[in-house]
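Here is a colleague's note to read with the structure open beside you. Take the points one at a time, and find each residue as you go.

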Amino acid sequence: LFHLAKVGLGCLGIVSEVTMKCVKAHNLVEHTFVLTRSEAKSQLNRLLKRHKHLRYMWLPYTDFVVAVTNDPEGDPVVAQQSSVENDASM
């Protein structure tokens, strides 16, 4: 938010102080997979609810989207996702 306030040309008023909450260092587990644009649209809400971090990278001139999720190590979602991936690779 502070970066937005720096370039917001006053739309947030005068920012003189920012309070940030820091968290302890932790490990994240990243999963990367490819979806079509329609799959990405239909799965958006489910992925946002299920994962702590989600980002999409559209591949220009294609119908494909690279989706990347990040979740804290030891999170039940991570354990479940790993078992699903192991089953899919067999």
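**Notes on the fold and its contacts**

1. Let's begin with one residue. Arg37 counts as partly exposed, because its relative accessibility is 42%. Please keep in mind as you read that this is a predicted model.

2. Which residue is the salt-bridge partner of Arg37? Look for Asp63: the closest N and O atoms of this pair are 3.6 Å apart. Arg37 belongs to helix α2 and Asp63 to the loop between β2 and β3, so the salt bridge ties together parts that are 26 residues apart in sequence. Asp63 has a relative accessibility of 40%, so this residue counts as partly exposed too.

3. How many salt bridges are there by the rule used here? The count comes to two. In the other pair, the side chains of Glu30 and Arg55 meet at 3.8 Å, N to O. Glu30 sits in strand β1 and Arg55 in strand β2, so this contact ties together parts that are 25 residues apart in sequence. Here is the general idea to remember: side chains of opposite charge can pair when their charged atoms come close.

4. Are Glu30 and Arg55 buried, exposed or partly exposed? Glu30 is partly exposed because its relative accessibility is 45%. For Arg55 the relative accessible area is 40%, so Arg55 is partly exposed as well. The cut-offs behind this wording are under 20% for buried and over 50% for exposed, with partly exposed in between.

5. Now step back to the strands. What is the order of the strands in the sheet? This open sheet of three strands is arranged β1-β3-β2, and the pairing is antiparallel. The edge strands are β1, residues 28-36, and β2, residues 53-58, each of which pairs on one side only. On average, neighbouring strands of the sheet are turned by 20° against each other, with direction ignored.

6. Next, follow the pairing from strand to strand. Nine bridges join β1 to β3, while six bridges join β2 to β3, which spans residues 64-72. Thr69 of β3 is a good place to pause: Thr69 is the bridge partner of His31, and Leu54 stands opposite Thr69 as well. Another partner in β3 is Val65, which pairs with Trp58.

7. How much of β3 is covered? Mostly, the strand is: seven of its nine residues are buried. When you look at the sheet, also find helix α2, residues 37-50, which lies across β1, β2 and β3. The helix runs at about 155° to β1.

8. The link between β2 and β3 deserves a closer look. These two strands form a hairpin with five residues between them. Tyr61, in the turn, has a positive phi of about 65°. Leu59 is also found in the loop between β2 and β3.

9. Finally, turn to the surface. Which residues make the nonpolar patch? Val34, Leu59 and Phe64 do, and the patch has an area of about 260 Å². Leu59 has a relative accessibility of 34%, so this residue counts as partly exposed.

Key:
Residues numbered from 1 in each chain as written. Predicted model: local features only at pLDDT ≥ 70, side-chain atom pairs only at ≥ 80, totals over all residues. Heavy atoms only, no water. Pairing = 2+ DSSP bridges. Helix = DSSP H or I, 4+ residues; strand = E, 2+ residues; numbered from the N terminus. Axes fitted to C-alpha atoms, helices over the stretch in contact; angles between N-to-C directions. Contact = heavy atoms within 4.5 Å. Patch = residues over 30% accessible without salt bridge, like charges linked within 9 Å, V, L, I, M, F, W, Y side chains within 5 Å. Areas by Shrake-Rupley, 256 points an atom, 1.4 Å probe, with all protein chains shown as cover. Salt bridge = Lys/Arg side-chain N within 4 Å of Asp/Glu carboxyl O. Buried < 20%, exposed > 50% of the residue type's maximum accessible area, 1.4 Å probe, protein only.
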